[in-house]
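Hi,

Here is the structure I promised to pass on. Have a look at it first, and then read my notes below.

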Amino acid sequence: MNAMTADWIEIGRVEDVPLRGARTVKTPAGDIAVFRIATGEMLAIEDRCPHRGGPLSQGIVHGDAVTCPLHNWVLSLRTGEAQGADRGCAKTIPLRIEDGRVLLAARVLAAAE
Amino acid sequence: MTEKLVVIGNGMAAGRALEHLFEEAPGRYEVTLFGAEPRVNYNRIMLSPVLAGEKAYPDILIHDEAWYRRHGVRLRAGRKIVAIDRAAKTVTASDGTETPYDRLLLATGSDPIIIPLPGHRLPGVATFRDLDDVETMLKAAESGGRAVVIGGGLLGLEAAAGLKGRGMAVTVVHLAPTLMERQLDPAAGYLLQKELEGRGIRVVTRANTKSIDGVDRAESVTLDDGTEIPADLVVMAVGIRPSTALAKAAGLAVNRGVLVDDSMRTSDPEILAVGECVEHRGQCYGLVAPLYEMAKVAAARLAGDEAAAYAGSVTSTKLKVTGIDLFSAGDFAECEGREEIVLRDASRSVYKRLVIEADRIVGAVLYGDTADGGWFFDLMREKTAIADLRETLIFGRAYAGGAPLDPMAAVAALPDSAEICGCNGVCKGTIVSAITAKGLTGLDEVRAHTKASNSCGSCTGLVERLLSATLGGAYTPKAVKPVCGCTELGHGELRRLIAAKELKTIPAVMQELEWATSCGCAKCRPALNYYLLAAWPGEYADDAQSRFVNERVHANIQKDGTYSVVPRMWGGVTSARELRAIADVVEKFAIPTVKCTGGQRIDMLGVRKEDLPAVWADLNAAGLVSGHAYGKALRTVKTCVGSDWCRFGTQDSTGLGIRLEKFMWGAWTPAKVKLAVSGCPRNCAEATCKDIGVVCVESGYEIHVGGAAGLDIKGTEVLGRVASEDEALETIVAIVQLYREQGWYLERIYKWMARVGLETIRAQALDDRAGRRALFDRFAFSQRFSQSDPWEPRARGAEAHEFRPMADLRALEAVR
Ligand code: SRM
Ligand SMILES: Cc1cc2nc3c(=O)[nH]c(=O)nc-3n(C[C@H](O)[C@H](O)[C@H](O)COP(=O)(O)OP(=O)(O)OC[C@H]3O[C@@H](n4cnc5c(N)ncnc54)[C@H](O)[C@@H]3O)c2cc1C
Ligand code: SF4
Ligand code: FES
């Protein structure tokens, strides 16, 4: 057990992530992209495009979607689902904000199976 | 025996709770009311109109002395409670007196947040919360002078408008990029800022205050970037914090606010709490509507109704500045399954946005026309299904249930006196009779005969609709390919309107040009960012989040998420010192691949993102700067050895190449720009397949334009020949500037040339000497703001968030 609460793990503060931008969080199972969309809402998904693994945290954020920097797939940040004609899905990660602190579901600590 | 009720705080929530209580259970309690303010209960909301001079203190009283007497309330005004003894069930006031209670009602409201900036205690620094604050401000305003309001939220703006009305010169400094960002989206924030600026209030956004300066009293405010703003009065309106110290000291459960359950009870069942000091289901409120609902429940509970419960509130906001209509309610975040309906009417400065989820309105932002705010708010609170209203919903209640408003029908229905073109004052009747009487068939003819749509052009859509309404099927508008799904405008119109209407921010463009979405998309945002940068050098603040990642982090992303780094190698010439620095960096950071590019320089591939700033720092130390291999910008200038070494060289091609690159690097362009200079027609630098090339000949410099050797292979066309190196530089810079001003985003020079014609380019950038010079000067001016190495500040730590992960949880797993 670590110092954090069992189910959630703190990764930083809301202001750490630029508006309409993203930051990454490194975990044993790979990177997670933490987004802050234009409305201020925050969402997290794995930082791997289902197409060919592009780092989604580096894409342009618009609405609640991101355009992958490698070949322009557009993925919903809410479901991880590719939009339009493309098919594929990135895993979403539950995220909570408490008093300006950003928390991720602690299961991200489990190494990839 | 009557029970003793003690109330702490004589504000809006307490007052409302007592009103309900005396109605439901008159005489049940003997009430003692402590208020820290030395006065009766007044309407705090109305402090803004008092500041503005629209109301006076007597107008805003809620309860006068007689009211307290009538209800047997012992009012202890001007006495603050300093302690609660829950075991003894007494409260202690600031004058030392103790008062026993059976039930206690906490209603301490909140305190204004004071940022502990250097100088925050100086006289002349005020907050905006109670009547004393208003009096402080009014006193300062008597002698005119200058006021700085820190905070562009609801309170700050009401203070600013009030002080302006009292004759002060007012500046609002606000941290976020747009005003009232918590209640408004950027489009509405932009309109609000424009309106305030129109009233003479200066607004500085993205402004972080560093200090308040002055000797005996506040004299100025200094921002992070060093800007100093003179101030006789500084108003801090940066937010509020629930006032919980008393409750906390008494051992009550407190989080952000005093914790209460649905019955408004704190962790001590004898103590209830209402108002801004409480936290209910994780929520603290800063508006009166929820407090009134809480007050009702607390009163019912005190009156013995065990069923009364508070379930939280949906809130809406209005700004109380006379003449500004603004409304926002609910949640307007974009979510899966949510859709938005946006209506923009640029000519009336109207913006409306509804957020719909599962057939219900969940959020609304209205600016300029808020008549339907109440109606939308009701639909939202009552969760009314809107499917039947949907087509006309955004037009408001008046259209509800009516026929869908088809734009054609709307134009046909306009009276002949309706003004169509605001710039030239042309009304519908004039246009329609010109079309029929003169047999006009197209937009250009209407422009020529009536002047409508001839200036700013924002009425073009209306004029086209009038043409088709009048001519029917005989009229086919010119097909323009829109920039993207967010607008009907093409790139050309967009660029023209940005200049004509002096639009200087992305929200300004989206509002004035009636964007159909609230924040654009990955296609239009980078284009807008470039157009604004090109149109307003030095004025427009670049929007990093509207740039493709390569331009945002100043390196090229690779297939595995690593980056490549290409330093400039001026004209393809390098030195031992540069090569040594590159070699050292490659070894130090274990960079896997080093390659000569097709552009005569060295590429280091496979650099980890986290290492970029350190790599750049080492390269900078050796004098190497960014090569912009990632940018819609000047890339390489290839050269051959030329007259310095080559037996056929006619001119110093290497020297000219270096001169061009040193003059032009850093400039942003619609698409990438590559140059080359060859020393003779053997053309070893491949100048005739570049965007612009120079082929040196005995008699001077042949300038070539519009080549490409990528997706399309295209040889250049000859623009002309100039005699001197200076003239060659001026001409090439002029061509690039013309392209910067006319090109469409992502359109390379050869495509731009195909569109505007080689002749036009020749006339403007070569033959017209004065015009050529003016283009050159505009380029040089813009370089003052863009010719700096983007690697350098980042190597020193700027934008560290781009390069560092937010958190690293890999080590944590080990300890689990
Ligand atoms: C590194 C380099 C290949 C090499 O190893 O030599 C290269 C690499 C890339 N080229 Fe190139 N091009 C390179 C010289 C060229 C040349 C040759 C030249 O400049 O003389 C051409 C043909 C000339 C031309 O531009 O017309 C060239 C035509 C292209 C094109 C086609 C452009 C077009 O409009 O047709 C693209 C695609 C694009 O830009 O959309 C492209 C795009 C790219 C991108 C940026 C692909 C991408 O979007 O990620 C590659 C990224 C490189 C990186 O990560 O550093 N590259 N590319 C060369 C870097 C030159 C430099 O020093 O800056
Ligand atoms: C300038 C201004 C404009 C506003 N405009 C709007 C608006 O347009 N719409 C809207 O909905 N809301 C508006 N508000 C917010 C609204 O006024 C508040 O939400 C409301 O007044 C809160 O009521 P309350 O009873 O919780 O706190 P308050 O009204 O602040 O009352 C708390 C009282 O308790 C006293 N007190 C605190 N501690 C103690 C103690 N230990 N002992 C004794 N007394 C104590 C305080 O002095 C204060 O008088 C505005 C506020 C301001 C300042
Ligand atoms: S030719 Fe294609 S694969 Fe090679 S560098 Fe250019 S873009 Fe990449
Ligand atoms: S890897 Fe994301 S679009 Fe190809």
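**A salt-bridge network, and what else turned up**

Let me start with a group of charged residues in chain B: Glu727(B), Glu730(B), Arg769(B), Arg772(B), Arg773(B) and Asp777(B) are joined in a network of salt bridges. Do keep in mind that this is a predicted model. Over all chains, a search of the whole structure gives 58 salt bridges.

A few other pairs from that search are worth pulling up on screen. Lys504(B) and Glu539(B) form a salt bridge whose closest N and O atoms are 2.8 Å apart. Lys504(B) sits in the loop between α14 and α15 of chain B, while Glu539(B) sits in the loop between α16 and α17 (549-553), so the pair ties together parts 35 residues apart in sequence. As for accessibility, Lys504(B) is partly exposed, with a relative accessible area of 27%, and Glu539(B) is exposed, at 52%.

Then there is Arg721(B), whose side chain meets that of Glu702(B) in a salt bridge (3.4 Å, N to O). Here the partners are in strands: Arg721(B) is in β38 (residues 717-722) and Glu702(B) in β35 (residues 700-705), so this pair links parts that are 19 residues apart in sequence. Glu702(B) counts as buried, with 18% relative accessibility.

One more pair is Glu747(B) with Arg755(B), at 2.9 Å from N to O. Glu747(B) is buried, with a relative accessible area of 9%, whereas Arg755(B) is partly exposed, at 35%.

**Chain B as a whole**

If you want the overview, chain B has 27 helices and 39 strands. Its C-alpha trace spans about 115 × 80 × 60 Å along the principal axes. Of its 816 residues, 52% count as buried. Taking contacts in chain B between residues at least 6 apart in sequence, 62% join residues at least 24 apart.

Glu725(B) gives you a feel for the distances. This residue is in helix α21 of chain B. Between Glu725(B) and Gly151(B) there are 54 Å in space, C-alpha to C-alpha, and the two are 574 residues apart in sequence. Beyond its neighbours within four places in sequence, Glu725(B) is in contact with Leu656(B), Arg659(B) and Tyr701(B).

**Helix α16**

Next, have a look at helix α16 (residues 524-535) of chain B. At 1.5 Å a residue, its 12 residues should span 16 Å, and the end C-alpha atoms are indeed 16 Å apart, which agrees. Is α16(B) enclosed by the rest of the structure or open to the outside? Of its 12 residues, 11 are buried, so the helix is largely enclosed by the rest of the structure. Among the buried ones are Cys524(B), Arg525(B), Tyr530(B) and Leu533(B). What do they pack against? The partners are β5 (60-62) of chain A, along with α14 (491-500), α15 (506-512) and α21 (725-742) of chain B.

**Four cysteines**

UniProt, in an unreviewed entry, lists Cys640(B), Cys646(B), Cys680(B) and Cys684(B) under "binding site". These four are spread over 45 residues of sequence, yet they cluster in space, with a largest C-alpha distance of 10.9 Å.

I looked at two of them in more detail. Cys640(B) is in the loop between β32 (634-639) and α20 (653-664), and Cys684(B) is in the loop between β33 (673-678) and β34 (692-697). Cys640(B) is buried, with a relative accessible area of 16%; Cys684(B) is exposed, with 62%. Leaving out residues up to four places away in sequence, Cys684(B) touches Cys640(B) and Ser678(B). On the same basis, the contacts of Cys640(B) include Ser653(B), Val677(B), Gly679(B) and Cys684(B).

**An arginine without a salt bridge**

Last one: Arg635(B), in strand β32 of chain B. Arg635(B) is buried but has no salt bridge, and the nearest side chain of opposite charge, Glu551(B), is 6.8 Å away. With a salt-bridge limit of 4 Å, that pair does not count. What does the side chain of Arg635(B) reach at 3.5 Å? It is the backbone oxygen of Ala629(B). Setting aside residues up to four places away in sequence, Arg635(B) also touches others, including Arg568(B), Arg601(B), Glu661(B) and Lys672(B).

Happy browsing!

Note on methods
Residues numbered from 1 in each chain as written. Chains lettered and ligands numbered in written order. Predicted model: local features only at pLDDT ≥ 70, side-chain atom pairs only at ≥ 80, totals over all residues. Heavy atoms only, no water. Helix = DSSP H or I, 4+ residues; strand = E, 2+ residues; numbered from the N terminus. Expected span 1.5 Å × (residues − 1). Buried < 20%, exposed > 50% of the residue type's maximum accessible area, 1.4 Å probe, protein only. Contact = heavy atoms within 4.5 Å. UniProt positions renumbered as here; feature names shortened; annotations may be inferred. Lys, Arg positive; Asp, Glu negative; His and termini not counted. Polar contact = N/O pair within 3.5 Å; in protein donor to acceptor, adjacent residues only side chain to side chain.
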